[in-house]
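Me: I'd like a close look at one part of this protein: its nonpolar interior. Could you walk me through that part and how the rest is arranged around that?

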Amino acid sequence: MICVTTPTLQNGVIVEYKGIVTGEVIAGIDFVRDIGASFRNIFGGRSAGYEEELESARLAAMREMEERAAKMGANAVVGVDIDYETFGSAGMLMVSVSGTAVVVNNR
């Protein structure tokens with residue numbers, strides 16, 4: 001499935017709008033990664049553990065959105081927006097994606 005942040009597709013014509021589609025994932029960050037990130041905050045550097053968790057959550061949310069779009073009969077999603085939030089004292093991470101499910105005919 002084609003998913004883009006733009007409202008149109010360069011080589012396609014949107015022939016039908018199916019509606020808004022979303023995907024959400026809430027993930028916990030484990031204790032070991034949290035300790036490693038704390039050290040990196042003090043000494044500098046990137047947190048590979050957090051980066052991997054962000055990527056995994058984003059991919060899962062995108063997959064969920066694509067599956068929902070396919071169930072609606074869409075073959076693409078346009079106007080995709082990705083949001084990241086943290087909440088709770090336990091370090092929960094929420095990734096939500098949304099867009100418009102469409103049917104596209106390629107030219």
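Reply: Here is a tour of the interior, starting with the overall layout and ending at one alanine.

Please keep in mind that this is a predicted model. The protein has 2 helices and 4 strands, and from the N terminus on the elements follow the order β-β-α-α-β-β. Of its 107 residues, 30% are buried. About 6800 Å² of the protein is exposed, and carbon and sulfur atoms account for 53% of that area. The contacts reach far along the chain: among those between residues at least 6 apart in sequence, 77% join residues at least 24 apart.

Now for the interior itself. In soluble globular proteins, nonpolar side chains tend to be buried together. Here the largest nonpolar core holds 14 residues, and V21, M65, A69 and V77 have the most contacts inside it. Two or more residues of this core come from each of β2 (12-28), α2 (48-71), β3 and β4. The biggest share is from α2, which gives 5 residues. Another core, of 6 residues, lies apart from this one, and I14, A76, V78 and V104 are among its members.

The strands deserve a moment too. Strand β3 (residues 76-87) runs parallel to strand β1 (residues 2-3), and 2 bridges join them. On this side, C3 has V77 as its bridge partner in β3. With strand β4 (residues 92-106), β3 pairs in the antiparallel sense over 10 bridges; one example is I82, whose bridge partner in β4 is V97.

V77 is a good place to see how these pieces meet. Leaving out residues up to four places away in sequence, V77 touches M1, I2, C3, V4, V21, M65, A69, G99, T100 and A101. Three of the names on that list, V21, M65 and A69, are also the ones that join V77 as the residues with the most contacts inside the largest core.

That brings us to A69, which sits in helix α2. Is A69 buried or exposed? A69 counts as buried because its relative accessibility is 0%, and the cut-off for buried is under 20%. With residues up to four places away in sequence again set aside, A69 touches M1, V21, A74, V77 and A101. A69 and V103 are 34 residues apart along the chain, yet their C-alpha atoms are separated by 9.7 Å.

Conventions: Residues numbered from 1 in each chain as written. Predicted model: local features only at pLDDT ≥ 70, side-chain atom pairs only at ≥ 80, totals over all residues. Heavy atoms only, no water. Pairing = 2+ DSSP bridges. Buried < 20%, exposed > 50% of the residue type's maximum accessible area, 1.4 Å probe, protein only. Contact = heavy atoms within 4.5 Å. Areas by Shrake-Rupley, 256 points an atom, 1.4 Å probe, with all protein chains shown as cover. Core = buried A, V, L, I, M, F, W, Y, C linked by side-chain atoms within 4.5 Å.
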